[in-house]
Amino acid sequence: MIYIALKDNKIVHVCETNSEQGIIGSLNYEGITYYDQIQQIPNDYFQGKVGNDVREFNSNFEFLPLSQRKDYVIIPEGMKIEGEEFVPLTLKEKIDQGLITLSDREKYDEVSKQIMSKTVYELAEAGVITIAELKKYQIDIIKIGFANEFINGYFYSETLGINVDLRRCSGKFGEDINDLQNVQGLIDDFDTLENYEKYYVGYENEVTSSMFTLDQLESLKMEMIRCARNRWVKKRLKLVQIEQCTIAEQIKNIIW
Amino acid sequence: MTMFDSEFTNILWNGEVAGRDPDAEGDYYHITDGQADQNYWQEKLADTIGSLTTVPASEFLILYGGVVSDSGSGQVDISECVARGRDADGNRRLIHIPALTNVALPSGWNDGRPIWVIARYDFKLGTATRTHRAGTSYHYQLNDTYAGDSNGYVSTGTDDLFVDSDPVATDTILGKFTMTGTTFVDLDIRSLTYDQDMKNRLYPVGSFYVQYPDAASNIDATAFPVAQRPATMFGGTWVEQFNTEAITFYTGDEAGDQTRTAGLQADQMQIITGEMNAIYTSGGSVAGPLRGGSSVSGAFKNGAATNWLPAVDTGAGKQMHFDSSGSPNARTGTQTKGKNRLIKLWKRTVL
C-alpha cells in the first residue's frame, strides 16, 4: 500500500510499504525530517508525486480535474492551464514572464506575434549601432536602388512617345542588352540596314522603321544620356544628404 | 544470543585420567548426559539454519508456511510450517506444526483483543512401549511436537497456540489478528520468513529495481499492476525514483556538456550550424537583398533557382524564421526524445 508524508499539504515523500513504520523508516533513510503528517492512501494507483498538493485529489485520491486544482497544481515551465489541459505559453507570455530574454537587436512584433530583428533605424535610435553605421547602411540602400534602376528602370521618351528602358547592363549569358549601345548601333548602321531590321523595342512597346527617323534616334540617344545623368545626379545628391544628417529619423527618410 | 554454545558428552578428550582413553572411559553415563546431547544436536541444527540467513543471531524465523487465516465462525486456519524458535525452557529448537484447520480460540478471546499465533517447541510420547525393570510399561521414545498439541509434554491443547501479549522476545510469531465475534482482522505481523530473508539478501536497502510495463497500455493499473511492484514481490519499503524528471541515464559526461545541477543534466542538442548571406552580391557590388546563393551553408540549403529579385525600394520584405514545429508531421515537446516506453525505477529504503 502507498503511504505519503506531507508538509503544509505538499507531498514530500511517497513510498510503497505495509505499515506506517515502513514510511517512517523510509523517511529516516532518505534523511527527510520536514514533514508534519503521514497518510495511508486508499488507492493502489495513486498518481501523486513529490511536490503535488494533497488538495489536488478527491476523496479516492484521484486527481481532480485540472480546472478544480489550478490553485495548487505545479504548472510546468513554459505552460499554462487552459480549460482542462496544459497549453504552451504564447511567445508574448514567455517574454513577459522572463522565460525568453530578447537581445537588444530583437523586438516582439504584436502583428505577426513573432520575435523580429529591429530595423537598422530602430537599432540606431536605441544606440545599438552608431549613426555612422546607419549612414553606411543607408548609402548601400541608395546604391542598390540606383543599381536596380539601371537594370530595370525606364523613362518616357518624348521623341518616340513610348516608355523606353534605361538599361545599362549585360545579360545572363553576356549578351549585350545595353540599350544606349543598341540605339547607337541603329544610328551607326541606319543607312545600311534593311527596313525590317530597323526596329526598337521599348519598355512595353515596339516601334518599327516607319515610326522613327535617324534624327529621332539621335534625339532618343540624348534622352537616354540625360536620363542616366539625372540618375547619377540624384544618387550623388542623396549620398550628400545622408552624409549631412545627424539623427536616424533624417537618414531613414532619405530613400531612392 | 550466543550460537553454537551447547555442550555435549565428553567421549573424545584424553589425557586427564591415566590409563583411560578417552578420559570418560569407565565412568558412569548419566541420563542428563543424554539430555544434554539431545539439546546439543537440537540447538546445533537450529543454529545452522539461522546461520544461513542475514540475521543469524535472531532466534525466530519462519522457514515456510504458518500462514494464519480466517476459517469463519470465529476460528482460524494455520498452514503447515517449520520454524526456528524456542521450547518452553528457552532452548533453541526447530518446530514443525502440521496444517491446522478450524482452530478455536481460547474462550472469550473473540472480544477484539490482539492475538498472536506462536510456534513453540514441545515434545510428546512416541507410540512404542517396553517394560521397565521396575515392572511397568513405559514409552521409551519421544516425538517432536509444538505448543498447541494436546498430547505435548507442556502443551495441553490448541489454546497454547495463542497468546494475548506480545511474544516478540520469546516465540516465533506466525501471525497477529483480532477476532471480534466472528470478524477476523489480520494485523499482518509475523516473524521474519526465510523467503523474505532471501529477498532481503537479494534486494538489500539501497537496491534499485526496474519495473517494465506488463502491457502496452497507458493505464497505470494495466501497465504497472500492484502485483508486479517490488514492494509486493520482495516486501519492504520502496520509493519510486526520478518519476517527475523523464530522464535517461549516462555513464559520464563529455567536455562541453550541459552543467549538472543536483546530478541532473538538462537536455541538450548537437550543435547545428548554418549560414546565409545577409545581402546578395554580384561582382563584388551589393546587388540586392537576401537570396539563396553560394554562401548558404550548414543547416541551410538552397532551394530551386529563381530569377525573382525584388527591388529594395518597392514592396515589403519578410524575415526568415526557423520553427521546428512547422516541419511536416512534427512532434514537439520541451525536450527531444526517442521512441520509448514508460518504466518505473524503485529504490528500497527499508527492509
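Buried residues account for 29% of the 351 residues of chain B. The exercises below concern a predicted model.

**Exercise 1. Describe chain B and chain A by secondary structure, burial, contacts and exposed area.**

Step 1. Chain B contains four helices and 23 strands. Chain A has seven helices and eleven strands.

Step 2. The buried share is 29% of 351 residues in chain B; in chain A, 37% of the 256 residues are buried.

Step 3. Take the contacts with a separation of 6 or more. In chain B, 59% of them link residues 24 or more positions apart. For chain A the corresponding share is 42%.

Step 4. The exposed area of chain B is about 22,400 Å², of which carbon and sulfur atoms supply 52%. Chain A exposes about 14,900 Å², with 49% from carbon and sulfur atoms.

**Exercise 2. Determine how strand β4 of chain B is covered and which strands pair with β4(B).**

Step 1. Strand β4(B) spans residues 81-86, and six of its six residues are buried. Buried here stands for a relative accessible area under 20%.

Step 2. Sort the side chains by direction. Cys81(B), Ala83(B) and Gly85(B) point one way, while Val82(B), Arg84(B) and Arg86(B) point the other way. Residues in both sets are buried, the two arginines included.

Step 3. Find the partners. Strand β1 (residues 61-65) of chain B runs antiparallel to β4(B) and is joined to it by four bridges. Within this pairing, Leu61(B) has Arg84(B) as its bridge partner.

Step 4. Strand β5 (residues 92-97) of chain B also pairs with β4(B) in the antiparallel sense, over six bridges. Here Ala83(B) is matched with Ile95(B).

Step 5. Look at the connection. The hairpin of β4(B) and β5(B) has five residues between the strands, and Gly90(B) adopts a positive phi near 90 degrees in this hairpin.

**Exercise 3. Give the strand order of the three-stranded open sheet in chain B and say why one side of β2 and of β6 lacks a neighbour.**

Step 1. The order is β2-β3-β6, with antiparallel pairing.

Step 2. β2 (68-72) and β6 (100-104) of chain B each have a single partner strand and stand at the edges, so one side of each has no neighbour in the sheet.

Step 3. On average, neighbouring strands of this sheet are turned by 35 degrees against each other, direction ignored.

Step 4. For a check at residue level, take β2(B) and β3 (residues 75-78) of chain B: four bridges join these antiparallel strands. One of the pairs puts Ser69(B) opposite Asp77(B) as its bridge partner.

**Exercise 4. Repeat the analysis for the four-stranded open sheet of chain B.**

Step 1. The strands follow the order β12-β7-β13-β14, and the pairing is antiparallel.

Step 2. The edges are β12 (162-163) and β14 (183-186) of chain B; each has a single partner strand, so one side of each is left without a neighbour in the sheet.

Step 3. Two bridges connect β7 (residues 111-119) of chain B with β12(B), in antiparallel fashion. Val117(B) has Phe162(B) as its bridge partner in β12(B).

**Exercise 5. Locate the backbone features at Pro22(B), Asp188(B) and Ala262(B).**

Step 1. The peptide bond joining Asp21(B) and Pro22(B) is cis, with omega about 5 degrees. Pro22(B) sits in the segment before α1 (31-51) of chain B.

Step 2. Asp188(B), which is not a glycine, has a positive phi near 55 degrees. Asp188(B) belongs to the loop between β14 and α2 (194-202) of chain B. Its relative accessibility is 49%, so Asp188(B) counts as partly exposed; exposed would require over 50%.

Step 3. Ala262(B) is also a residue other than glycine with a positive phi, about 50 degrees. Ala262(B) is in the loop between β17 (260-261) and β18 (264-265) of chain B, and a relative accessibility of 85% makes this residue exposed.

**Exercise 6. Identify the nonpolar surface patch that contains Leu351(B), and place this residue.**

Step 1. The patch consists of Tyr29(A), Val205(B) and Leu351(B), with about 270 Å² of accessible area together. Its members come from chain A and chain B.

Step 2. Leu351(B) lies in the segment after β23 (344-350) of chain B. With a relative accessible area of 55%, Leu351(B) is exposed.

Note on methods. Residues numbered from 1 in each chain as written. Chains lettered and ligands numbered in written order. Predicted model: local features only at pLDDT ≥ 70, side-chain atom pairs only at ≥ 80, totals over all residues. Heavy atoms only, no water. Patch = residues over 30% accessible without salt bridge, like charges linked within 9 Å, V, L, I, M, F, W, Y side chains within 5 Å. Areas by Shrake-Rupley, 256 points an atom, 1.4 Å probe, with all protein chains shown as cover. Salt bridge = Lys/Arg side-chain N within 4 Å of Asp/Glu carboxyl O. Buried < 20%, exposed > 50% of the residue type's maximum accessible area, 1.4 Å probe, protein only. Pairing = 2+ DSSP bridges. Axes fitted to C-alpha atoms, helices over the stretch in contact; angles between N-to-C directions. Contact = heavy atoms within 4.5 Å.
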